[in-house]
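Got your viewer open? Grab the mouse and follow along, one selection at a time.

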Amino acid sequence: MSYLTLFAFLICTIIIGYFIGNRRAVGMRPAVKSKLPENKLHSLPGFHGTYVALWCGIPSLLLLFAWLFLEPSILSAMLGNALGDAGIGLSQDQLELLKGSIRRAAQNSQNPIDDTLLPVVESYKNIVNSTGIGGMVVIGCGAIIGLYFSQKKIAQRFAARHRVEKIFSIIMLLSSLVAVLTTFGVVVSLIFETIRFFGMVSFTEFLFGLHWSPQIALRDDQVASSGSFGAVPIFAGTLLITAIAMVIAVPIGLFSAIYMSEYASPRFRSWAKPLLEILAGIPTVVYGFFAALSVAPMLRNWGVDFGLEISSESALAAGVVMGVMIIPFVSSLSDDVINAVPQSLRDGSYALGATRGETIKLVLLPAALPGIVSSVLLATSRAIGETMIVVMAAGLAANLTANPFQAVTTVTVQILTLLVGDQEFDSPKTLAAFALGFVLFIITLCLNILALKIVNKYREKYD
Amino acid sequence: MSVQKTGVPMSEKQISSQVGKFTSRGVDVYYGDKQALFGIDIDIMENKVTSLIGPSGCGKSTFLRCLNRMNDVIDICRFEGEILLDGQDIYASEIDVVELRARVGMVFQKPNPFPKSIYENIVYGPRIHGMIDGRSDADEIVETSLKRAGLWNEVKDRLNEPGTGLSGGQQQRLCIARAIAVNPEVILMDEPCSALDPIATAIIEELIDELKENFTIVIVTHSMQQAARVSQNTAFFHLGKIIEFGETDQIFTNPRNQQTQDYITGRYG
């Protein structure tokens, strides 16, 4: 028996529970049809069925997850008991190693093991089997007990509907709490590591320093600088690349949105719009090597033709490709909000003798402005957070420059390079990643708040 | 059923002796494969109110929208026949639809002010037609248009507030003011009171009566009483055809056609 069978068993019990509840409720339907409450079921049979199914499923699934969570530690403790004398006198690490080899031997008899330990391996196999079966039996019984007691509660005036709706509202509350708590957890961990970082590097150096070189000597005799953590160049690089991307994406995205919603024939729209949205589905790695291998060399060759010095890793190449990547974010959302402007406003404008262009410029765009702004801000957040394209196309050199033909680097790329490979977790180099991440988080958070503010301010403009 | 009727001077009853502002001959309209209008012949008299009545889906709104070519916006809509405005075919290729709509304004069923200030709503049309030179021009157009629409006293202190913040009846009068501001010759009204309460409706009806001094008005309405109160001529549409067209007085007191009789006395459907 495996967990898969147990899971299938649970699903079956839940379905059976639903039908049992349903049938019992149908059986309790009064023969006299009337509107009087005492002459009808309080809830539809479906609610009774769902009630039983929920009592069948939720406790047993909770038990299952608890078991999956606890089983390893229970087994480990029991293995410790089984080892008996063999484990005495060993340090904690050695004990864990020993347990590991016993586990491997139990899984596959070809794994080498000391002959003296063979009895332990055998008893461990028995332990695993018996606890596994025991756990499954407990869980299966849980489901059946839940089914039995919940179906007993079904009665003509039993308020199954209220209970089912209550349970679902709790499930939905928990689901939304997961997202909230995750955000909270991420922020808290960022804050703590950032505070540690600022214990080693001064706040002003990080925020206002002009030199970024996070390499730190691992050994005393190593030839390396002590590292400097002026984050201005990398934030400037982020700003530069994001700006280039937005210069590409906003006009193209906006124009394509206007064309799609106001000019395109339904036929063109029906195939062009999904195609445009595919752009958003291309993995950023693909964009990255496209930028590094096609766009960057092309730009450099053009630069040679025009006598410009464009390095083969340039902010321009990364920005342009990133701009193309985020076009669908701008166009698709803007298209939706322009479409959402009521037809009556278009009619009103046309009836006054306005042309299509005037209607778009004077009525539709102002009315759709909040949605357009939030789509642009969403695209900006996306551009700021983008890593892959920049890593491949813009390079790693933290130059402080406004020249798009030079190599620059961004916050996300630096976080990536700081954490790739073996790291000490208490060196400022590693902790710098948290500080960068935290500042980046603050920036995107501000952008989101700004977007919300704009949307709220202009909401209810038309109705 | 008794129908109220505003007093109409005898001289206004001679329809045939007057020249039509609009002359429609053999108008067929199709939505895709479905024919919505069948050979509509009608003369709309200058400085009169002409009402188009009939059950839902009879084509009266479709016909109204032909008069300023609003159906052009609908891709699948196809027009055949001839509509003359002052003797000129409005579907002729040399006609610019923008200029046509400046001459033939429209007010819709649901008030649809732009999400802009009251002031901006009024100057929208004149501005795109290049009728405004400078601020004083604009102020004047705003004031006269709102006065003619009977809204000036209610909104003169809050011209910069959004038009969408007005009540339904005020919004509809704002839309009428917006149409007037372009100084059209004809105003088309598509059930202008159907979203309004009786008091707002009465105000709009009074307004229509005043406006006919300067404008030719065509109004689609579902209310028989409204047609009888405001219009001088009435056309009864049914299933895409004109069943009867004549003076409102005659249609409501002595219809020639049995279907008309049934409809106006409420025996239809």
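Start by selecting helix α6 of chain B, residues 168-181, which lies across strands β6 and β7 (186-190) of chain B. Its direction runs at about 170 degrees to β6(B); axes here are lines fitted to C-alpha atoms, for helices over the stretch in contact, and angles run from 0 to 180 degrees between N-to-C directions. Next, add helix α7 of chain B, residues 198-211, which packs on the sheet and touches β3, β7 and β8 (216-220) of chain B. Touching, or contact, means heavy atoms within 4.5 Å. The direction of α7(B) makes about 150 degrees with that of β8(B).

A quick word on what you are looking at: this is a predicted model, where local features need pLDDT of at least 70 and side-chain atom pairs count only at pLDDT 80 or more, while totals for chains, interfaces and linings use all residues. Residues are numbered from 1 along each chain as its sequence is written, chains are lettered from A and ligands numbered from 1 in the order in which they are written, and side-chain values use heavy atoms, leaving out hydrogens and water.

Helices and strands come from DSSP runs (helices are H or I with at least four residues, strands E with at least two), numbered from the N terminus.

**The sheet in chain B**

Now show the strands under those helices. In what order do the six strands of the open sheet run? Going across chain B, you meet β6-β7-β8-β3-β9-β10, with mixed pairing. Two strands count as paired if DSSP finds at least two bridges between them. Color β6 (104-107) and β10 (241-247) of chain B: these are the edge strands, and each pairs on one side only. Neighbouring strands in this sheet are turned by 15 degrees against each other on average, direction ignored.

Zoom in on β3 (residues 49-53) and β9 (residues 233-238) of chain B, which pair in the parallel sense over four bridges. Pick Ser51(B) and you'll find its bridge partner in β9(B), Thr234(B).

**Salt bridges in chain B**

Time for side chains. The structure holds 23 salt bridges over all chains, each one a side-chain nitrogen of Lys or Arg within 4 Å of a carboxyl oxygen of Asp or Glu.

Select Glu185(B) and Lys21(B): their closest N and O atoms are 2.8 Å apart in a salt bridge. Glu185(B) sits in the loop between α6 and β7 of chain B and Lys21(B) in strand β1 (residues 20-31) of chain B, so the pair ties together parts 164 residues apart in sequence. Is Lys21(B) buried or exposed? Lys21(B) counts as buried, at 4% relative accessibility (buried means under 20% relative accessible area, exposed over 50%, partly exposed in between, with a 1.4 Å probe and protein chains only). Glu185(B) is partly exposed at 27%.

Back on α7(B), pick Glu205(B), whose side chain meets that of Arg229(B) in a salt bridge (2.6 Å, N to O). Arg229(B) is in helix α8 (residues 224-230) of chain B, and the two are 24 residues apart.

**Over to chain A**

Select Lys273(A) and Glu277(A), joined by a salt bridge (3.9 Å, N to O). They are separated by about one helical turn because they are four residues apart in helix α8 (residues 266-281) of chain A. Add Arg269(A), Asp335(A) and Asp336(A) to see a network of salt bridges that links them with Lys273(A) and Glu277(A).

Last stop: Ser76(A), in helix α2 (residues 45-83) of chain A. Ser76(A) is buried, with a relative accessible area of 14%. Its side chain makes a polar contact with the side chain of Lys99(A) (3.1 Å).

Technical notes. A polar contact is a pair of N or O atoms within 3.5 Å; within protein, one must be able to donate a hydrogen and the other to accept it, and residues adjacent in sequence count only if both atoms are side-chain atoms.
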